[in-house]
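The following exercises are to be worked through with the sequence and the coordinates at hand. Each task is followed by a solution in steps.

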Amino acid sequence: MTDKTALFDQCRKPTGRMGRFTLWRMNWSHSRLTDWGLAKISIEPHGTILDVGCGGGRTVSKLAAIATQGQVCGIDYSDESVAVSQKTNAPWIDVGRVEIRQGSVSQLPFPDDVFDLVTAVETHYFWPDLAADTREVFRVLKPGGALILIAEAYKGAKTAAAKLAEKYFPVAGMTLLSVNEHRELFTTAGYSDVRVVEEPGKGWICSIGKKHPKDSASDTLRKESNPSSARGS
Ligand SMILES: C[S@@+](CC[C@H](N)C(=O)[O-])C[C@H]1O[C@@H](n2cnc3c(N)ncnc32)[C@H](O)[C@@H]1O
């Protein structure tokens, strides 16, 4: 079990040589899952996109290739992830289409209402305050923008991997949500048009929610301080 939690530690915050190996491995092992999730949304060619917990940076590369005239930013709080992601995306960075920054999901270094799309692949398990962090992503989304959270395990999936995750994630301080909890996370954070899609045979899940076109971050703050002033009232 110590071995398993040590492996989780490298996924939580890759460091050193082991971290570089883990990032290289995840770039390959998460690729099909990522393609499956990204196929569930439409990505505009001119989109401004953020990948949170970008790890080794392969999702950032995929997004830059899909949003042919867009801008993609990857963010991660690990030095190693930032370095590997920058290396993976060097050609895109050179032409000014990609930027990789260091930072935490809990305090994203961006103003309100800037991204058309935020992606998060295999990272939410580690977020320190999932509810608040999902709201922080909401803050940086443009009204009309969307968050997609993609994961290869969820609570209640029938696969062997999901059963192992149910057993070991809590020990490692990681969060594993059920389908309903995914939906609740998004709706509670203020997202609309929430969709949760499963691939039961593989135990994969993706949750998608939009920031309503009428929701700007300042509007959200207004609602929080004075609920009676909520949209439409
Ligand atoms: C399991 S890896 C997934 C990496 C990549 N998204 C992929 O699919 O291969 C999780 C990544 O999330 C990052 N991460 C975890 N918690 C984070 C946080 N609070 N803020 C920013 N990044 C975080 C880790 O440093 C790591 O690079």
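**Exercise 1. Locate Glu122 and characterise its backbone and its surroundings.**

Solution. Step 1: Glu122 belongs to the loop that lies between E4 and H7; helices (H or I, at least four residues) and strands (E, at least two) are DSSP runs, numbered from the N terminus. The model is a predicted one, in which local features need pLDDT of at least 70, side-chain atom pairs count only at pLDDT 80 or more, and totals for chains, interfaces and linings use all residues. Residue numbers start from 1 along each chain as its sequence is written.

Step 2: The phi angle of Glu122 is near 55°, which is a positive value in a residue other than glycine.

Step 3: Glu122 has 21 other C-beta atoms within 10 Å and is therefore buried. The criterion places C-beta atoms from the backbone and calls a residue buried if 20 or more other C-beta atoms lie within 10 Å of its own, exposed if 12 or fewer, and partly exposed in between.

**Exercise 2. Carry out the corresponding analysis for Asp193.**

Solution. Step 1: Asp193 is placed in strand E6 (residues 192–199). Step 2: Its phi is near 50°, again a positive value in a residue other than glycine. Step 3: Asp193 counts as exposed because it has 11 C-beta neighbours inside 10 Å.

**Exercise 3. Determine which strands pair with E4, and in which sense.**

Solution. Step 1: Strand E1 (residues 48–52) runs parallel to E4, and 4 bridges join them; strands pair if DSSP finds at least two bridges between them. In this pair, Ile49 is opposite Leu117.

Step 2: E4 also pairs with strand E5 (residues 141–151), in the parallel sense and over 6 bridges. Here Val118 faces Leu147 of E5 as its opposite residue.

Step 3: The connection from E4 to E5 passes through helix H7 (residues 130–140) and forms a right-handed β-α-β crossover. Right-handed signifies that, with the strands pointing away from the viewer, the path from the first strand over the helix to the second runs clockwise.

Step 4: Of the 7 residues of E4 (residues 115–121), 6 are buried, so the strand is largely enclosed by the rest of the structure.

**Exercise 4. Describe the environment of Thr119.**

Solution. Step 1: Thr119 is part of strand E4. Step 2: With 30 other C-beta atoms within 10 Å, Thr119 is buried. Step 3: Leaving aside residues up to four places away in sequence, Thr119 touches Ile49, Asp51, Thr59, Leu63 and Ile148; a contact requires C-beta atoms, placed from the backbone, within 7 Å. Step 4: The C-alpha atoms of Thr119 and Gly37 are 9.6 Å apart, although the two residues are 82 residues apart in sequence.

**Exercise 5. Establish how E7 is connected to its partner strands.**

Solution. Step 1: E5 and E7 run antiparallel and are joined by 6 bridges, with Ile148 opposite Ile208. Step 2: E6 and E7 likewise pair in the antiparallel sense over 6 bridges, with Ser192 opposite Lys210. Step 3: E6 and E7 form a hairpin with 4 residues between them, and Gly203 in the turn has a positive phi of about 80°. Step 4: Strand E7 (residues 204–210) is mostly covered, since 6 of its 7 residues are buried.

**Exercise 6. Identify what surrounds the ligand.**

Solution. Step 1: The shell comprises 25 residues, of which Met26, Gly53, Gly55, Ser78 and Val121 come nearest; a residue is near if its C-beta atom, placed from the backbone, lies within 6 Å. Step 2: The shell consists of 10 nonpolar, 11 polar and 4 charged residues. Here Ala, Val, Leu, Ile, Met, Phe, Trp, Tyr, Cys and Pro count as nonpolar, Asp, Glu, Lys and Arg as charged, and the others, Gly among them, as polar. Step 3: At least two shell residues come from each of helix H1 (2–12) and helix H2 (16–29).

**Exercise 7. Assess the chain as a whole.**

Solution. Step 1: The chain contains 10 helices and 7 strands. Step 2: Its radius of gyration is 17 Å, close to the 17 Å that the globule rule gives for 233 residues, so the chain is as compact as a globular protein of that length. The radius is taken over C-alpha atoms, and the rule is 2.2 Å times the number of residues to the power 0.38. Step 3: Of the 233 residues, 42% count as buried.

Key
Two residues are in contact if their C-beta atoms, placed from the backbone, lie within 7 Å.
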